[in-house]
Protein chains: 2
Amino acid sequence: MSSNVDKKNEESDVCAVDFAFRRIGGKYKGRILWHLNRHNILRYGELKKEMNNITTKMLTQTLRQLEQDELINRKVYHQVPPKVEYSLTEIGYELIPFVHYLENWGKKQLENKNQ
Amino acid sequence: MSSNVDKKNEESDVCAVDFAFRRIGGKYKGRILWHLNRHNILRYGELKKEMNNITTKMLTQTLRQLEQDELINRKVYHQVPPKVEYSLTEIGYELIPFVHYLENWGKKQLENKNQ
DNA sequence: CTGTATCCTTGAAGATACTG
DNA sequence: CAGTATCTTCAAGGATACAG
């Protein structure tokens, strides 16, 4: 792999940007990471309430993607009724500074708009 | 505005995250910012080459959005043939640290994958 | 060279009903 | 409680032709 990376290093850099954007893109991923960071651990239902109006389909689907990309942990308690807890993985946690950075940037833009 | 922000501060925080994600979401925005930062100024055609396979429709459309959100400048030289230069605004430039953060994060994940 | 204008395809997201 | 399963809608993105 490193053989063809050498000549076109710029390309692989861009791919990394692209790769990362695909990982955190979509309508809900940023907000889910934000909430999970704020609460450390959230059950499915708790997260759904925080997300306000998201459908179960979208929430489940998005959580599965995040889990597959290893940005979040999913811990199932085999009880009745069931209990499932979500939390950030280390990799996911590494995105938090960036989420906060974006949040502050966004706040700044919103303030300027409302003046 | 600040009156109803007090009681539900968390909500406005999330909105800022959401707001920012919409600004830099989409398939090409991150990469465009990345290239503009790298080259300072790029003409339409140069940027198109850098972007590799993007259609004129998508490139123009995305550039117009970025311009409207004041993340980039568009400078037209009324010549024949025309010449248009794109560059980052100050606001857009403020997103660069975040693009780089994501880039490094992405590189790290890609390295782990290929091992 | 820097775009517009159309038409078309695809995938993301939403609504709703149902289940272990 | 924590999801699945379908069906539908809609906007993002792509292909192609043309223009100032």
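The following legends describe close-up views of a predicted model in which protein chains A and B meet DNA strands C and D.

**View 1. Protein residues around DNA strand C**.
In this view, 19 residues surround DNA strand C, and those that come nearest are A:K27, A:Y28, A:K57, B:R64 and B:R74. Of the strand C atoms that come within 4 Å of the protein, 65% belong to sugar and phosphate. By class, the residues of this surface comprise 8 nonpolar, 4 polar and 7 charged.

**View 2. Polar atoms close to DNA strand C, and the elements that supply its surface**.
A phosphate oxygen of DNA strand C lies 2.5 Å from a polar side-chain atom of A:Y28. In chain B, the side chain of B:Y86 places a polar atom 2.8 Å from a phosphate oxygen of the strand. B:T56 is paired with a base instead of a phosphate: an N or O atom of its side chain is 3.1 Å from a base oxygen of DNA strand C. The elements that contribute two or more residues to the surface near strand C are α5 (56–68) of chain A and, from chain B, α4 (44–51), α5 (56–68) and β3 (83–88). The largest share, 4 residues, is given by α5(B).

**View 3. Protein residues around DNA strand D**.
Which residues are closest to DNA strand D? They are A:R64, A:R74, B:K27, B:Y28 and B:K57, within a set of 20 residues that surround the strand. Sugar and phosphate make up 65% of the atoms of strand D that come within 4 Å of the protein. The surface near this strand consists of 8 nonpolar, 5 polar and 7 charged residues.

**View 4. Polar atoms close to DNA strand D, and the elements that supply its surface**.
Both chains place polar atoms beside phosphate oxygens of DNA strand D. From chain A, a polar side-chain atom of A:Y86 lies 2.7 Å from such an oxygen, and a polar backbone atom of A:V84 is 3.3 Å from one. From chain B, an N or O atom in the side chain of B:Y28 is 2.5 Å from a phosphate oxygen of the strand. At least two residues of the surface near strand D come from each of α4 (44–51), α5 and β3 (83–88) of chain A, and from α5 of chain B. The largest share, 4 residues, belongs to α5(A).

**View 5. The open sheet of chain B and the helix across it**.
Three strands of chain B form an open antiparallel sheet in the order β1-β3-β2. β1 (41–43) and β2 (72–77) are the edge strands; each has a single partner strand, so one side of each has no neighbour in the sheet. From one strand to the next, the twist averages 25°. The antiparallel strands β1(B) and β3(B) are joined by 3 bridges, and B:L42 has B:Y86 of β3(B) as its bridge partner. B:Y86 also has a polar side-chain atom 2.8 Å from a phosphate oxygen of DNA strand C. Helix α5(B) lies across β2 and β3 of chain B and runs at about 115° to β2(B).

**View 6. The surroundings of B:D13**.
B:D13 is part of helix α2 (residues 9–24) of chain B. Is this residue buried or exposed? B:D13 counts as buried, because its relative accessibility is 8%, and the cut-off for burial is under 20%. Apart from neighbours within four places in sequence, B:D13 is in contact with A:W34, A:R38, A:E103 and A:K107.

Note on methods. Residues are numbered from 1 along each chain as its sequence is written. Chains are lettered from A and ligands numbered from 1 in the order in which they are written. This is a predicted model: local features need pLDDT of at least 70, side-chain atom pairs count only at pLDDT 80 or more; totals for chains, interfaces and linings use all residues. Side-chain values use heavy atoms; hydrogens and water are left out. A residue is near a molecule or strand if one of its heavy atoms lies within 4 Å of it. A polar contact is a pair of N or O atoms within 3.5 Å; within protein, one must be able to donate a hydrogen and the other to accept it, and residues adjacent in sequence count only if both atoms are side-chain atoms. Ala, Val, Leu, Ile, Met, Phe, Trp, Tyr, Cys and Pro count as nonpolar, Asp, Glu, Lys and Arg as charged, and the others, Gly among them, as polar. Two strands pair if DSSP finds at least two bridges between them. Axes are lines fitted to C-alpha atoms, for helices over the stretch in contact, and angles run from 0 to 180 degrees between N-to-C directions. Contact means heavy atoms within 4.5 Å. Buried means under 20% relative accessible area, exposed over 50%, partly exposed in between (1.4 Å probe, protein chains only).
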